[in-house]
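Trainee: I'm new to reading protein structures and would love some help. Could we go through one together, feature by feature?

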Amino acid sequence: DSDLTVQVSQMMHKYEILKKNIRDVINKYNSFVKEHKSFNEQYTGFIEWIGAVTDDLGQFGEIVGDLKILQERRNNIEELEELRTNESIKYDTIIEQGEKLYSHTSPDGKDFIRQQLKQLRKKWDNLTEEIQSNATKIDLCLQQFSDFTTSQEQLTKWLKDIEKHMQQHTELKPSIQEKKAQLQNHRIVHQEVTSHNSLVETVCTKAQELVDQTHDKTLNVYIESIRALF
């Protein structure tokens with residue numbers, strides 16, 4: 001009886017060890033399943049987020065001939081860049097999550113996860129490049145607007161000065177001396193007009209650059225009117 005008792009006790013001990021080992025294995029694989037599930041959910045959600053941001057970027061990156069709208073879109077792109085920077089921690093975490101799955105995943109499963117991570121990296125890099133590209137494109141157009149506005153203001157001021165000067169010297173003069181002085185003034189004005197030909201060409205060129213960039217044909221009317229006036 002004592003031997004039987006010992007054997008039963010040993011069997012019970014082995015049974016308890018076996019139960020514990022099985023429970024540990026079950027818990028371990030449950031943990032693996034949770035890790036895979038968590039990775040897939042995080043991965044899918046992040047891919048969808050990149051897609052949504054890319055869609056917004058496509059809208060904000062469109063060039064138009066309205067300076068105010070362009071400035072708003074530049075601000076929108078800057079906000080997207082800040083958002084992308086803030087999400088970079090999440091991106092790194094998902095990459096790390098995926099790489100941790102390799103140790104307890106089958107060879108086929110590893111290849112699938114590698115493809116997922118490769119796609120995620122590609123989409124992330126593309127998003128980064130597109131944000132930078134669109135920001136540069138908008139900045140270039142804004143700079144063209146600024147250059148055009150500066151040249152336009154210079155030309156407008158000069159035209160007003162010339163108009164004022166012409167009005168002062170178009171009155172009929174009674175004496176020959178006064179008429180000679182008036183003629184001399186007209187020659188000076190003519191030289192002044194000729195010397196500003198480059199300014200007119202600069203304004204028209206910058207306006208044409210904006211037309212080419214924004215595809216806004218309304219500036220063509222401005223170019224034609226400036227040339228006609230000059």
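**Reading the model step by step**

Mentor: Let's begin with E16, whose relative accessible area of 38% makes it partly exposed (buried is under 20%, exposed over 50%, partly exposed in between, using a 1.4 Å probe and protein chains only). This is a predicted model in which local features need pLDDT of at least 70 and side-chain atom pairs count only at pLDDT 80 or more, while totals for chains, interfaces and linings use all residues. Residues are numbered from 1 along each chain as its sequence is written, and side-chain values use heavy atoms, leaving out hydrogens and water.

Trainee: What is the secondary structure of the chain?

Mentor: Helices (H or I, at least four residues) and strands (E, at least two) are DSSP runs, numbered from the N terminus. Here there are six helices and zero strands, and the pattern along the sequence reads α-α-α-α-α-α. Take α1 as an example: its 59 residues reach 86 Å from first C-alpha to last, close to the 87 Å expected at 1.5 Å a residue (the expected span is 1.5 Å times one less than the number of residues).

Trainee: How many salt bridges does the structure hold?

Mentor: A salt bridge is a side-chain nitrogen of Lys or Arg within 4 Å of a carboxyl oxygen of Asp or Glu. The structure holds six. One of them joins K19 and E16, with the closest N and O atoms 3.9 Å apart.

Trainee: Why are K19 and E16 about one helical turn apart?

Mentor: An α-helix has 3.6 residues a turn, so residues three or four places apart point the same way. K19 and E16 are three residues apart in helix α1 (residues 2–60), which means that about one helical turn separates them. K19 is partly exposed, at 34% relative accessible area.

Trainee: Where could I see that arrangement in another helix?

Mentor: Look at D111 and R114, a salt bridge whose closest N and O atoms are 3.2 Å apart. They sit three residues apart in helix α3, again about one helical turn. D111 is partly exposed at 43%, and R114 counts as partly exposed at 39%.

Trainee: Which elements do D139 and R74 lie in?

Mentor: First, D139 and R74 form a salt bridge, with the closest N and O atoms 2.6 Å apart. D139 lies in helix α3 (residues 107–168) and R74 in helix α2 (residues 67–100), so the pair ties together parts that are 65 residues apart in sequence. D139 is partly exposed, at 35% relative accessibility.

Trainee: Now the interior. Which residues touch the most other members of the largest nonpolar core?

Mentor: In soluble globular proteins, nonpolar side chains tend to be buried together. A nonpolar core is a set of buried Ala, Val, Leu, Ile, Met, Phe, Trp, Tyr and Cys residues joined through side-chain atoms within 4.5 Å. The largest one here has 39 residues, and F46, L70 and L120 touch the most other members. The elements giving two or more residues to this core are α1, α2, α3 and α5 (197–214), with α3 giving the most, 15 residues.

Trainee: And which residues is L70 in contact with, beyond its neighbours within four places in sequence?

Mentor: Contact means heavy atoms within 4.5 Å. Leaving those neighbours aside, L70 touches I63, V64, I138, C141, L142 and F145. The buried residues of α1 include F32, F39, Y43, F46 and W49.

Trainee: How much of the whole chain is buried?

Mentor: Of its 230 residues, 27% count as buried.
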